[in-house]
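Reader: I would like to learn how to read a model of this kind, one feature at a time. Where should we begin?

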Amino acid sequence: MRIGELAERTGASPRSLRYYEQRGLLASERTANGYREYGPEAVDRVRNIRLLLESGLTSEDVQELQDCLELDLVREPACAEAVALYEHRLRAVRERIEALTATQHRIERQLAEGTGP
């Protein structure tokens with residue numbers, strides 16, 4: 001299928017599909033006239049990439065999950081590598097929230113006291 005059809009079937013824009021390809025997350029063959037041609041497995045792969053990105057992972061994170069991209073991440077049991085990466089990212093998010101909350105409290109305290117830094 002061509003890039004337009006893949007975009008339509010997955011909800012991803014053609015620009016996103018080219019980006020996924022550039023990042024090594026998606027592969028296509030080139031036809032004689034230079035058009036990208038994708039196999040039927042690309043539909044699940046793109047859906048998985050979008051799911052992972054929408055879950056808060058970065059494209060670098062998704063690159064680490066190449067083996068998981070061939071699975072149906074919506075219907076099959078979780079990919080062990082994805083679970084480990086989610087746990088790592090969740091710890092990082094929680095640490096960031098704690099740091100931001102501490103900053104918020106310091107600013108609120110300074111405003112309440114009418115003092116500057």
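**Reading the model**

Author: Begin with a single residue: L53 sits in helix α3. Keep in mind that this is a predicted model.

Reader: Is L53 buried, partly exposed or exposed?

Author: The label follows from the relative accessible area, where under 20% counts as buried and over 50% as exposed. L53 has a value of 26%, so L53 is partly exposed.

Reader: Which residues does L53 touch, beyond its neighbours within four places in sequence?

Author: With those neighbours set aside, L53 is in contact with Y20, T58, S59 and V62. A distance is another kind of reading: the C-alpha atoms of L53 and L71 are 16 Å apart, with the two positions 18 residues apart in sequence.

Reader: How do I read the helix that holds L53, and what is its span?

Author: Compare the end-to-end distance with the rise expected at 1.5 Å a residue. Helix α3 covers residues 41-54, 14 residues in total, and reaches 20 Å from its first C-alpha to its last, close to the expected 20 Å. After α3 comes G56, which has a positive phi near 105 degrees.

Reader: Which residues of α3 are buried, and what covers them?

Author: A general point comes before the list. An α-helix has 3.6 residues a turn, so residues three or four places apart point the same way. In this case the buried residues of α3 are A42, V43, R45, V46, N48, I49 and L52. Their cover includes α1 (3-10), α2, α4 (59-63) and α5 (80-113).

Reader: Take a residue from α1, such as T10. Is T10 buried or exposed?

Author: T10 lies in helix α1. Its relative accessible area is 10%, under the 20% cut-off, so T10 is buried. Setting aside neighbours within four places in sequence, the contacts of T10 are V43, V46, R47 and R50.

Reader: Which backbone atoms does the side chain of T10 reach?

Author: For polar contacts, look at pairs of N or O atoms within 3.5 Å. A polar atom of the T10 side chain lies 2.8 Å from the backbone oxygen of L6. The T10 side chain also reaches the backbone nitrogen of A12, at 3.3 Å.

Reader: What does the side chain of D61 make a polar contact with?

Author: Place the residue before reading the contact. D61 belongs to helix α4, and with a relative accessible area of 8% D61 is buried. The side chain of D61 makes a polar contact with that of R89, at 3.1 Å. Outside the neighbours within four places in sequence, D61 is in contact with L85 and R89.

Reader: How does R18 read by the same steps, and which residues does R18 touch?

Author: R18 is placed in helix α2, residues 14-22. R18 has a relative accessible area of 37%, which makes it partly exposed. Not counting residues up to four places away in sequence, R18 touches I3 and R36. As for distance, 17 Å separates the C-alpha atoms of R18 and L52, which are 34 residues apart along the chain.

Reader: How many disulfides does the structure hold?

Author: The general idea is short. A disulfide is a covalent bond between the sulfur atoms of two cysteines. This structure holds one. It is formed by C68 and C79, with sulfur atoms 1.6 Å apart. Both cysteines are in the loop between α4 and α5, 11 residues apart. The angle about the S-S bond is -50 degrees, and the link of C68 and C79 is left-handed. C68 and C79 are both buried.

Reader: What is the pattern of the chain along the sequence?

Author: Count the elements, then read their order. The chain has five helices and two strands, in the pattern α-α-β-β-α-α-α. Overall extent comes next: the radius of gyration is 20 Å, well over the 13 Å that the globule rule gives for 117 residues, so the chain is more spread out than a compact globule. Along the principal axes, the C-alpha atoms fill a box of roughly 70 × 30 × 20 Å.

Reader: What share of the residues is buried, and how much area does the chain expose?

Author: Buried residues make up 26% of the 117. The chain exposes about 7,900 Å², of which carbon and sulfur atoms supply 51%. For contacts between residues at least 6 apart in sequence, 49% join residues at least 24 apart.

Methods: Residues are numbered from 1 along each chain as its sequence is written. This is a predicted model: local features need pLDDT of at least 70, side-chain atom pairs count only at pLDDT 80 or more; totals for chains, interfaces and linings use all residues. Side-chain values use heavy atoms; hydrogens and water are left out. Helices (H or I, at least four residues) and strands (E, at least two) are DSSP runs, numbered from the N terminus. Buried means under 20% relative accessible area, exposed over 50%, partly exposed in between (1.4 Å probe, protein chains only). Contact means heavy atoms within 4.5 Å. The expected span of a helix is 1.5 Å times one less than its number of residues. A polar contact is a pair of N or O atoms within 3.5 Å; within protein, one must be able to donate a hydrogen and the other to accept it, and residues adjacent in sequence count only if both atoms are side-chain atoms. A disulfide is a pair of cysteine sulfur atoms within 2.5 Å. The radius of gyration is taken over C-alpha atoms; the globule rule is 2.2 Å times the number of residues to the power 0.38. Accessible areas come from the Shrake-Rupley method with a 1.4 Å probe; for residues, only the protein chains shown count as cover.
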